[in-house]
Amino acid sequence: MGRSRRTIPEELLLLALDPATGTTAQPQSLDLGLAGAQLVELALAGRIAPDGDRIAVVMPRPTGEPTLDTALELLRRRGSPVRAVHWIGGPRLGLRQTYLTHLERCGMVHAVAGHMCGVLPTTRYQATDTAISREIRARLDSAIRTGVPPDPRTAALAALAHAVGLGKHLYPGNEGRSSRSRLRDLIRHDPMGGLVAHAVMDVQNGVAAQPRRAPAAAGSGSGGHGGGSGRRTSVRGGAAAGQQASQGAPVMARAGAS
């Protein structure tokens, strides 16, 4: 891979990949989560910082990771702090496919070509090294099981996993209910992750118009959002709707990938 550390967008996508089908769980909300995960990764790299419910660029120097640097440059061009909910709800066409292609180049997944209805070319993605996915999952499981405050990266990953509705994918059924609840509670351990996770859920629930205060108590009251409950809710706004229309299917046609 050439890198010793995976980014949060990469880890979120690996969590969402179904090992049996090669498709991604919660594809529409996952697209929003990947945009949010980029913000968290840039914050951990010291490039951006929360400013109330907005995101401010504090160091425009590139990180060296092209996809992150594209997002950083777009934020820099705004010229002033941007509300997280507006950033996440904006058009991110091809972001999920960009990361899947990147994971394939890094050798973490491999593409399996097929056809939908025997006609439409499709591509599914299978994890090449399942130990990587197990290690990511083990970090979440440990934080849920032990109750020990996780490191910032794991806390942010947990917040985003909850926000995009991966709880029922990771911890299904009635037996997973308590784990899903504890996954939701991990949102309070990282302020930036909490801000972004709430923004993801707000976009899904179409409540982006009202500004949100800084997430000092990010864990409280999060249960009422659609992202954490696992329900699919529509993204309001033409730009976000266009994003969903282009990426809504869990099986993606390689011919249409960007």
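This report describes the helices, the sheet and some individual residues of one protein chain.

The structure is a predicted model, in which local features need pLDDT of at least 70 and side-chain atom pairs count only at pLDDT 80 or more, while totals for chains, interfaces and linings use all residues. Residues are numbered from 1 along each chain as its sequence is written, and side-chain values use heavy atoms, with hydrogens and water left out.

## Overall make-up

The protein chain has 12 helices and five strands, where helices (H or I, at least four residues) and strands (E, at least two) are DSSP runs numbered from the N terminus. Of the 258 residues in the protein chain, 50% are buried; buried means under 20% relative accessible area, exposed means over 50%, and partly exposed lies in between, with a 1.4 Å probe and protein chains only. Among contacts (heavy atoms within 4.5 Å) between residues at least 6 apart in sequence, 71% join residues at least 24 apart.

## The sheet

Three strands form an open sheet in the order β1-β2-β3, with antiparallel pairing; two strands pair if DSSP finds at least two bridges between them. The edge strands, β1 (48-51) and β3 (82-83), each pair on one side only. Strand β2 (residues 54-57) pairs with β3 over two bridges, and β1 pairs with β2 over four bridges. Some of the residues that face one another across these strands are listed here.

| Residue | Bridge partner or opposite residue |
|---|---|
| P50 | I55 in β2 |
| D51 | R54 in β2 |
| I55 | V82 in β3 |

The residue I55 therefore appears twice, as the bridge partner of P50 and opposite V82, in keeping with the strand order β1-β2-β3, whose strands are DSSP runs. In the hairpin of β1 and β2, which has two residues between the strands, G52 takes a positive phi near 70°. Helix α3 (residues 66-78) lies across β1, β2 and β3 and runs at about 95° to β2, where axes are lines fitted to C-alpha atoms, for helices over the stretch in contact, and angles run from 0 to 180 degrees between N-to-C directions.

## Helices

Helix α1 (residues 8-16) is largely enclosed by the rest of the structure, because nine of its nine residues are buried; among them are I8, P9, L12 and A16, and also E10 and E11. Helix α6 (residues 130-146) and α7 pack at an angle of about 90°, with their axes 10 Å apart. That makes α6 roughly perpendicular to α7, a term used for angles of 65 to 115 degrees. Where these two helices meet, I136, R139 and L140 in α6 are in contact with R153, T154, L157 and A158 in α7.

## Single residues

V164 has its place in the loop between α7 (152-163) and α8 (167-170), and V164 counts as buried because its relative accessibility is 0%. V164 and L30 are 134 residues apart in sequence and 5.6 Å apart in space, C-alpha to C-alpha. R137 lies over the face of Y171, at 4.7 Å from the ring centre; a charge sits over a ring if NZ of Lys or CZ of Arg is within 6 Å of the ring centre and within 35 degrees of the ring normal.

Methods: Angles under 35 degrees count as roughly parallel, over 145 as roughly antiparallel, 65 to 115 as roughly perpendicular and the rest as oblique.
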